[in-house]
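Here is an informal walk through one chain, meant to be read with the model open beside you. Have a look first, then come back for the details.

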Amino acid sequence: MIQSQPFNRIFALVFVPTVVGAIGLLVMGIWPGLIGTALFPFFLGAFVVLALAGWVLLVAFLTTMDYVNQRLRLGRPRWGTWSAAVMLGVVTLLALHIPQRCAFAFSQSRLTTLAKRA
C-alpha cells in the first residue's frame, strides 16, 4: 500500500520541526538551567508548555493513526513513529543529563588543569 502525497506531507511537516526542536533542546541542555531560564520566566511560559504538550499529543495521534490505518505494511516506520522516537529519545537524554555529561567529559582535562593551577 503506497501512501498518498498529502499524508506524507503532513508527517514531514511534523517530523522536521520535531527534529529541529530536539536539536535545539539538546544544545540548550548542555548548560544547566538554561531550558528553564529561557522558556519559563516569560509571561507566555504557560503557553510554551501547552504548545509542547499539544505537539506531543499531535505526534502521538498521528502515530496511532499510522498504525490504525495499517500504513506500516511495508515494514518500516513512518514519520509519526520516527517523531515519537525522537521525542522519547530527547526526553530520556535530558532526564539523564546526557548533554551536560558529554560537555563535561569533553572539557574535563581543561578543568583538571585549571584546578591544579589554582
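Is H97 buried, partly exposed or exposed?

## H97 and its loop

H97 counts as partly exposed, because its relative accessibility is 41% and that class covers the range between under 20% for buried and over 50% for exposed. Keep in mind as you look that this is a predicted model.

To find H97, go to the loop between α4 (79-95) and α5 (98-117). The backbone is worth a glance here: H97 has a positive phi of about 60 degrees, even though it isn't a glycine. There is a glycine to look for across the way, though. G29 sits 68 residues from H97 along the chain, yet the C-alpha atoms of H97 and G29 are separated by 7.4 Å.

## The overall picture

Stepping back, the chain has 5 helices and 0 strands. Going along the sequence, that gives you α-α-α-α-α.

Only a modest headline number for burial: of the 118 residues, 18% count as buried. The chain exposes about 8500 Å², and 75% of that area comes from carbon and sulfur atoms. As for how the chain meets itself, take the contacts with a separation of 6 or more: 73% of them are between residues 24 or more positions apart.

## How confident is the prediction?

The average pLDDT over the chain is 77, with 75% of the residues scoring at least 70. Confidence varies by element: α5 has the highest mean pLDDT, at 90, while α2 has the lowest, at 72.

## T18, inside α1

Now move to helix α1, where you'll find T18. Is T18 buried or exposed? T18 is buried, because its relative accessible area is 5%, and the cut-off for buried is under 20%.

So what surrounds this threonine? Setting aside neighbours within four places in sequence, T18 is in contact with W55, V59, S83, V86 and M87. One of these partners also makes a polar link: the side chains of T18 and W55 are joined by a polar contact of 2.8 Å.

## Two more pairs across the chain

V16 is in helix α1 too. With a relative accessible area of 48%, V16 is partly exposed. Pair V16 with W79 and you get 63 residues of sequence separation, against 9.2 Å in space from C-alpha to C-alpha.

For the other pair, look at helix α3 (residues 45-68), which holds L57. L57 is exposed, because its relative accessible area is 59% and exposed means over 50%. The C-alpha atoms of L57 and A84 are separated by 9.9 Å, with their positions 27 residues apart along the chain.

## A nonpolar patch on the surface

Which residues form a nonpolar patch on the surface? They are I23, V27, I30, W31 and L34, and together they have about 440 Å² of accessible area. To place one of them, W31 is in the loop between α1 (5-28) and α2 (34-39).

Terms used: Residues numbered from 1 in each chain as written. Predicted model: local features only at pLDDT ≥ 70, side-chain atom pairs only at ≥ 80, totals over all residues. Heavy atoms only, no water. Patch = residues over 30% accessible without salt bridge, like charges linked within 9 Å, V, L, I, M, F, W, Y side chains within 5 Å. Areas by Shrake-Rupley, 256 points an atom, 1.4 Å probe, with all protein chains shown as cover. Salt bridge = Lys/Arg side-chain N within 4 Å of Asp/Glu carboxyl O. Helix = DSSP H or I, 4+ residues; strand = E, 2+ residues; numbered from the N terminus. Buried < 20%, exposed > 50% of the residue type's maximum accessible area, 1.4 Å probe, protein only. Contact = heavy atoms within 4.5 Å. Polar contact = N/O pair within 3.5 Å; in protein donor to acceptor, adjacent residues only side chain to side chain. pLDDT = per-residue confidence, 0-100.
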